[in-house]
Amino acid sequence: MTNAKNADDGHQITVRELTAADADDVVAISLKVYKHINSSWSQEHFLELLRIFPEGQVCVEDNGSVVAFALSLIVDYDAFGDEHDYTEITGNFKFTTHDPAGDVLYGIEVCVDPGSQGLRLGRRLYDARKEICENLNLRAIIAGGRMPNYGKYSAELSPREYIERVRRKEIYDPVMTFQLSNDFHVKKVLTDYLDKDTESRAYATLLQWNNIYYTRKKRPLGARTDVRLGLIQLQMRTTPDIGAFFDNVEFFIDAVSGYKADFCVFPEYVDAPLMAPFNEVGPAAAIRKLAEYTEEIRDFFVKKAVEYNINIVTGSMPLYEDDRLYNVVYLCQRDGTVDAQRKIHITPSEEADWGMVGGDELKVIQTDCGKVAMLICYDTEFPELGRFLADRGVQILFVPFCTDTATGYNRVRYCCQARAIENECYVAIAGSVGNLPRVVNMDIQFAQSAVFSPSDFSFPNQAIVSETTPNAETTLIADIDLDLLKDLHSRGSVRNLLQRRKDLYSLKWTRAIRGA
């Protein structure tokens with residue numbers, strides 16, 4: 001990229017892209033830099049990153065030897081938000097978070113050989129990063145910056161006080177002082193960002209540099225902001241066999257696709273009518289027999305999603321895997337891909353009657369109509385899940401549900417309305433009606449399917465886009481506008497996401513949140 005020579009001291013400085021031949025140097029330099037915290041880059045991780053995003057990895061050579069390097073990814077920043085840690089942003093060093101269509105260059109490493117400090121090599125690396133950001137038309141560089149000198153002051157200063165003292169140049173921090181001098185600004189303090197970083201007490205600063213030459217990218221073909229939803233309020237009825245079940249659900253897929261809906265949404269336990277023949281063996285054994293149909297039913301929905309050119313939220317089904325029974329819903333996209341979301345919170349009756357257990361992963365799914373997620377019924381009564389999804393940019397939350405009485409239904413309904421308002425997203429709920437004689441835990445149904453919105457001037461007055469007649473088998477067709485959500489986030493009458501007091505409280509997910 002650049003070349004400079006200083007005849008007085010014999011240095012010849014070159015900035016260039018890293019190659020696989022530099023792996024040994026990268027490992028050696030990181031071992032020197034991080035010897036105090038017993039951490040370093042491995043050849044395996046470096047080579048994988050280089051394979052995924054070669055143009056984002058740069059180094060400085062001095063007389064032909066690598067003496068400094070900087071590593072980065074492109075991410076869709078809305079998928080992570082400001083609450084993330086190093087493991088999450090790097091995909092636990094698998095770099096699956098790299099998104100060529102993303103909008104932010106995320107800096108995951110800058111290392112300068114201790115023997116070459118004082119040559120302003122870090123500035124050269126940052127200049128190269130800015131050049132990459134501008135050339136790729138990314139809106140910003142964001143990074144989590146270590147605070148290696150904070151450990152010396154942690155007994156007397158909070159992280160915020162430490163940052164302010166560094167900003168006023170009353171304290172020198174080798175990382176933060178450098179970053180501030182390179183036109184980065186501190187967005188917030190991150191806690192538990194890198195747990196091995198004992199020098200920083202696991203704190204980090206979230207830093208950002210804005211690309212003033214950035215121009216908003218044109219929306220790619222197939223990316224939609226006006227979305228049509230088709231909800232199926234399905235009647236539970238005696239069904240003789242799986243063929244009759246397929247005929248019934250295909251009728252509704254055909255109907256809503258005829259209205260050019262982008263999504264077709266079925267209720268929880270969509271295949272429950274097929275359980276009746278097994279009821280003589282008891283509820284726990286019966287639902288495990290029902291689970292034997294799940295793979296065939298999923299594959300049917302995958303096929304119909306492509307045939308009818310519609311994204312199908314299948315409704316939930318029992319899944320028996322590794323001697324454990326789960327409640328799972330699938331999203332079958334019209335391009336042939338399929339994703340699954342397991343119910344995380346199991347109701348007392350599901351546990352007592354069926355021996356069901358909860359899943360432990362939360363998924364964000366990229367579709368041709370924005371970022372979506374699915375929560376099954378009871379999961380919506382736990383607001384933490386909706387907030388985690390909102391922090392990762394979810395625009396539509398689909399909720400297949402099954403409730404037997406009005407009291408149960410109202411718990412789901414009002415919680416879903418709250419999720420829509422507090423997380424500034426749309427929530428679509430689809431339930432079942434009718435009766436299933438001789439099927440334990442599924443005998444009676446109560447539902448009123450609906451699409452809920454945030455509550456502000458751009459949205460319906462009651463924050464209800466549309467809703468069905470209660471307790472009647474029917475469909476609901478509703479249009480939503482995703483662009484309204486973007487305006488709400490930044491210019492709404494109130495800003496529930498932006499104005500959270502993260503200095504007072506935070507959420508932390510201890511397992512995997514899989515992002516699109």
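This talk goes through one pocket, one cavity and three helix pairs in a predicted model.

I'll start with the second largest pocket. The space in it comes to about 1,400 Å³. Its lining is made of 50 residues, and the ones closest to the centre of the pocket are V33, Y34, V110, R146 and V175. If you have the structure open, those five residues are a convenient place to centre the view.

Which elements supply at least two residues each to that lining? On the helical side there are α1, residues 23-33, α3, residues 86-89, α4, residues 121-135, and α6, residues 176-181. The strands are β5, residues 104-112, and β6, residues 140-146. Of the contributors, β5 gives the most, at six residues. As for the chemistry of the lining, 22 residues are nonpolar, 17 are polar and 11 are charged.

Now stay with α1, which helps to line that pocket, and look at how it packs on another helix. Its partner here is α2, residues 43-52. The angle between α1 and α2 is about 125°, and their axes are 9 Å apart. The two helices therefore count as oblique to each other, with a right-handed crossing. On the α1 side the contact uses A23, D24, V26 and V27, and on the α2 side Q43, F46 and L47. Sorted by class, this contact between α1 and α2 has five nonpolar residues, one polar and one charged.

Next, the cavity. How many cavities of 30 Å³ or more are there? The count is one. The space in this largest cavity is about 50 Å³. Its lining consists of G386, L389, A390, V394, L397, R419, N423 and C425. Two elements give two or more residues to it, namely α11, residues 383-391, and α12, residues 406-423. The most comes from α11, with three residues. Five of the lining residues are nonpolar, two are polar and one is charged.

Those two helices also pack against each other. The axes of α11 and α12 come within 10 Å, crossing at roughly 35°, and the crossing is right-handed. From α11, the residues in contact are P383, G386, R387 and A390, and they meet R419, E422 and N423 of α12. G386, A390, R419 and N423 appear in this contact and also in the lining of the cavity. The contact of α11 with α12 divides into two nonpolar, two polar and three charged residues.

The last pair is α7, residues 242-258, with α9, residues 294-307. What angle do α7 and α9 make? They pack at about 30°, with 12 Å between their axes. That angle makes α7 roughly parallel to α9. The crossing of this pair is right-handed. In α7 the contact is made by I242, F245, F246, V249, E250 and I253, and in α9 by E296, I297, F300, F301 and K304. By class, the contact of α7 with α9 has eight nonpolar residues, no polar ones and three charged.

To recap the helix pairs: α1 and α2 are oblique, α11 and α12 cross at roughly 35°, and α7 is roughly parallel to α9. On the open side, the pocket I described holds about 1,400 Å³, and the largest cavity holds about 50 Å³.

Notes. Residues are numbered from 1 along each chain as its sequence is written. This is a predicted model: local features need pLDDT of at least 70, side-chain atom pairs count only at pLDDT 80 or more; totals for chains, interfaces and linings use all residues. Side-chain values use heavy atoms; hydrogens and water are left out. On a 1 Å grid over the protein atoms alone, a cavity is a set of points where a 1.4 Å probe fits but cannot get out, and a pocket is an open set with protein on both sides within 12 Å along at least five of seven lines; lining residues have an atom within 4 Å of a point. Grid points are joined across faces, edges and corners, and a volume is the space filled by probe spheres set on the points. Helices (H or I, at least four residues) and strands (E, at least two) are DSSP runs, numbered from the N terminus. Ala, Val, Leu, Ile, Met, Phe, Trp, Tyr, Cys and Pro count as nonpolar, Asp, Glu, Lys and Arg as charged, and the others, Gly among them, as polar. Axes are lines fitted to C-alpha atoms, for helices over the stretch in contact, and angles run from 0 to 180 degrees between N-to-C directions. Angles under 35 degrees count as roughly parallel, over 145 as roughly antiparallel, 65 to 115 as roughly perpendicular and the rest as oblique. A crossing is left-handed if the near helix is turned anticlockwise from the far one by less than a right angle, and right-handed if clockwise. Contact means heavy atoms within 4.5 Å.
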